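Colleague: I am new to reading protein models. Could you walk me through this one, feature by feature?

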Amino acid sequence: MLAARSGAVKARTSAINTARSLLTTAPEGLRSRFRGMAGPRLMEELPSVRAEGALGAALGALADLWAAARDAALDMERAIEASLEENCPALLAMYGCGPVSAAKLAVAAGDNPGRLRSEASFAAICGACPIPASSGKTVRHRLNRGGDRQANSALHEIARQRVMRDPETAEYAERARARGKSDREVMRCLKRYVAREAYRALMRPHEVRRPEDASGLVAARRAARVSQVRAASILGTSEKYISMLERGQRELKPIRRAYEAWVEAGLPLDWDRQAFEAERKMDSKKHLAK
């Protein structure tokens with residue numbers, strides 16, 4: 001399923017690139033209509049020129065190909081998520097780990113993850129183990145260029161999502177940089193940590209820690225007569241994540257913190273999550289300075 005999704009994604013990207021190439025040499029009137037459009041919007045608008053000669057027919061056919069590849073990729077993602085929910089929900093429960101990243105880690109572990117003697121061996125398979133690169137008085141490690149690169153990219157994506165969305169991970173990154181580590185070294189350390197967490201999830205695939213109870217947040221939202229859709233808009237996330245948080249399906253720490261701060265502020269409809277996150281980041285920098 002992961003290979004099928006990858007093929008669909010490549011076909012989707014290829015259709016966009018081919019359409020852009022054809023538009024480069026198209027008449028100015030046609031070029032100006034689609035100039036500056038992002039890829040998905042461009043492909044959604046192209047069917048409108050299907051009747052404009054051979055070029056329009058070609059662009060319409062590319063739009064159909066793109067739509068089919070997009071739907072196939074989404075279907076594969078849903079199938080991958082359903083399979084992981086049944087066989088290894090612990091991977092999906094990891095913060096920042098979506099179905100595709102979880103699938104890459106599961107494929108790297110193989111059908112018999114019990115053969116892995118330790119979390120260090122799994123990190124080596126994923127190319128996340130540190131490689132000594134000391135010289136003279138300098139003691140350091142570098143990134144591992146070997147291992148399963150798909151699994152390594154999954155670890156990188158999870159670590160990147162945590163740095164962007166998890167205040168605790170962002171604070172760790174700030175502390176590491178203050179100690180003189182480069183961004184690459186910080187990412188190497190985070191990937192190694194995520195590999196350790198993924199190994200535990202693979203060894204105990206059905207052991208999912210229950211998130212904190214969110215009934216108090218739900219009661220406060222309902223008392224204020226605010227819908228999930230409105231709450232998601234105010235908190236800068238999707239209704240899906242608000243629903244999962246309130247039902248206790250996922251431990252979405254950054255969203256939960258923002259939700260709690262919003263409730264403490266009295267659930268104002270003009271609440272600014274970006275200002276809240278900026279204030280938290282400023283407080284973290286002050287703490288580091290001390």
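Modeller: Happily; we will go from the chain as a whole to its pocket. This is a predicted model, where local features need pLDDT of at least 70, side-chain atom pairs count only at pLDDT 80 or more, and totals for chains, interfaces and linings use all residues. Residues are numbered from 1 along each chain as its sequence is written, and side-chain values use heavy atoms, with hydrogens and water left out.

Colleague: How many helices and strands does the chain have?

Modeller: Both are DSSP runs numbered from the N terminus: helices are H or I with at least four residues, strands E with at least two. Here there are 15 helices and two strands.

Colleague: What share of the residues is buried?

Modeller: Buried means under 20% relative accessible area (1.4 Å probe, protein chains only). In this chain, 38% of the 290 residues are buried.

Colleague: Which contacts link distant parts of the sequence?

Modeller: A contact means heavy atoms within 4.5 Å. Among contacts with a separation of 6 or more, 59% join residues 24 or more positions apart.

Colleague: And what is the volume of the largest pocket?

Modeller: On a 1 Å grid over the protein atoms alone, a pocket is an open set of points where a 1.4 Å probe fits, with protein on both sides within 12 Å along at least five of seven lines; lining residues have an atom within 4 Å of a point. The volume, the space filled by probe spheres set on the points, is about 1000 Å³. Of its 40 lining residues, Tyr95, Gln161, Arg165, Asp166 and Pro254 are the closest to the centre.

Colleague: Which helix gives the largest share of that lining?

Modeller: H15, with seven residues.

Terms used
Buried means under 20% relative accessible area, exposed over 50%, partly exposed in between (1.4 Å probe, protein chains only).
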